[in-house]
Amino acid sequence: MEYLDSAGLVDTPRKILKVNHAGEFGAINIYRAQILVSKQFGRDYVPQLEGFLKDEERHLGIFWNEIQRRNGIKCKSYWLCGVGGWVMGFISALLGKKGIMACTLAVESVVTEHLKNQLLYLKQKDDQAAYDAVNAILSDEEHHRDTGLDQGGNNALYAPFRFCVSLFTEGVIRFGMR
Ligand SMILES: [Fe+2]
Ligand SMILES: [Fe+2]
């Protein structure tokens with residue numbers, strides 16, 4: 001998706017910060033649900049999920065600080081991301097490790113594409129603070145995506161699940177940017 005100047009009251013850099021903040025809340029809920037389910041089954045990859053959760057909590061703070069500096073508020077998609085993330089995390093964890101990795105791969109593939117387009121837009125806008133906030137999380141999200149790919153998330157059986165997760169992720173981002 002190409003990022004363009006907003007015709008509404010809220011400018012595009014603010015929208016980007018809000019959407020990303022909501023997305024981090026979604027990611028936090030994905031990992032929380034996955035950890036909750038995976039712990040019940042005593043799965044050995046719980047520490048890895050806890051590491052990802054810590055990354056997402058840090059990302060949430062980065063965007064919230066910048067939103068507050070601009071006197072902004074939470075995105076209208078905040079709770080949708082939260083509930084949607086939790087449901088996706090819960091279902092993926094019931095599918096086992098490959099399900100979890102398929103979820104991560106699908107979400108983070110959509111997210112990293114958006115982040116790169118956001119960076120192009122913010123660079124051209126000369127909004128250094130927003131650029132820095134987005135740039136600060138890109139390598140973590142790429143690492144999450146690549147972990148999903150390396151650990152079986154690309155399994156063909158999970159293609160329909162990845163498709164649904166991608167569709168939802170793309171949908172909430174577009175809804176938040178409107
Ligand atoms: Fe994140
Ligand atoms: Fe992530």
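**Notes on the helices, iron site and surface**

1. Let's start with arginine 32, which has a relative accessibility of 42% and therefore counts as partly exposed. A friendly caution before going on: this is a predicted model. Arginine 32 pairs with glutamate 57 in a salt bridge, and their closest N and O atoms are 3.9 Å apart. The bridge ties together distant parts of the chain, since arginine 32 lies in helix H1 and glutamate 57 in helix H2, 25 residues apart. Glutamate 57 is likewise partly exposed, at a relative accessible area of 36%.

2. That pair belongs to a wider set. How many salt bridges are there by the rule used? The count comes to 12. In general, side chains of opposite charge can pair when their charged atoms come close.

3. Here is another long-range pair. Lysine 116 and glutamate 142 meet through their side chains in a salt bridge, at 3.7 Å from N to O. Lysine 116 sits in helix H4 and glutamate 142 in helix H5, 26 residues apart, which again links distant parts of the chain. Lysine 116 is partly exposed at 34% relative accessibility, and glutamate 142 is partly exposed at 21%.

4. Two further items on charge. Arginine 145 bridges to aspartate 146, with the closest N and O atoms 3.1 Å apart; aspartate 146 has a relative accessible area of 32%, so it is partly exposed. Glu66, Arg69, Arg70 and Asp127 are joined into one network by salt bridges that share partners.

5. Now the metal site. Which residues coordinate the iron ion (ligand 1)? Its donors come from Glu24 (OE, listed twice), Glu56 (OE), His59 (ND1) and Glu141 (OE), at 1.9 to 2.7 Å. Along the sequence, the donor residues follow the spacing E-x31-E-x2-H-x81-E. Glutamate 24 in helix H1 (residues 12–40) and glutamate 141 in helix H5 (residues 128–150) are 117 residues apart, and this pair links distant parts of the chain.

6. A second iron ion (ligand 2) lies 3.7 Å from the iron ion (ligand 1), and glutamate 56 coordinates both. Are the donors glutamate 24 and glutamate 141 buried or exposed? Glutamate 24 has 3% relative accessibility and therefore counts as buried; glutamate 141, at 2%, is buried too. The cut-off for buried is under 20% relative accessible area.

7. On to the interior. The largest nonpolar core holds 48 residues, and those with the most contacts inside it are Ile16, Cys103, Val107, Leu122, Val134 and Val165. Two or more residues each come from H1, helix H2 (46–69), helix H3 (78–94), helix H4 (97–125), H5 and helix H6 (159–177). H4 makes the biggest contribution, with 12 residues. In soluble globular proteins, nonpolar side chains tend to be buried together.

8. Isoleucine 16 is a good place to look within that core. Apart from its neighbours within four places in sequence, isoleucine 16 is in contact with Tyr3, Gln118, Tyr121, Leu122, Val134 and Met177.

9. Finally, please look at the outside. A nonpolar surface patch of about 790 Å² is formed by Leu36, Phe41, Val83, Trp86, Val87, Phe90, Ile91, Leu94 and Leu95. Which helix supplies the largest share of the nonpolar patch? H3 does, with 6 residues. Valine 83 is located in helix H3; with a relative accessible area of 52%, valine 83 is exposed, because the cut-off for exposed is over 50%.

Conventions
Residues are numbered from 1 along each chain as its sequence is written. Chains are lettered from A and ligands numbered from 1 in the order in which they are written. This is a predicted model: local features need pLDDT of at least 70, side-chain atom pairs count only at pLDDT 80 or more; totals for chains, interfaces and linings use all residues. Side-chain values use heavy atoms; hydrogens and water are left out. Donors are N, O and S atoms within 2.8 Å of the metal (3.2 Å for Na, K and Ca); water is not among the atoms, so sites may look incomplete. Helices (H or I, at least four residues) and strands (E, at least two) are DSSP runs, numbered from the N terminus. Buried means under 20% relative accessible area, exposed over 50%, partly exposed in between (1.4 Å probe, protein chains only). A nonpolar core is a set of buried Ala, Val, Leu, Ile, Met, Phe, Trp, Tyr and Cys residues joined through side-chain atoms within 4.5 Å. Contact means heavy atoms within 4.5 Å. Patches are made of residues with over 30% relative accessible area and no salt bridge: like charges are joined within 9 Å, nonpolar side chains (Val, Leu, Ile, Met, Phe, Trp, Tyr) within 5 Å. Accessible areas come from the Shrake-Rupley method with a 1.4 Å probe; for residues, only the protein chains shown count as cover. A salt bridge is a side-chain nitrogen of Lys or Arg within 4 Å of a carboxyl oxygen of Asp or Glu.
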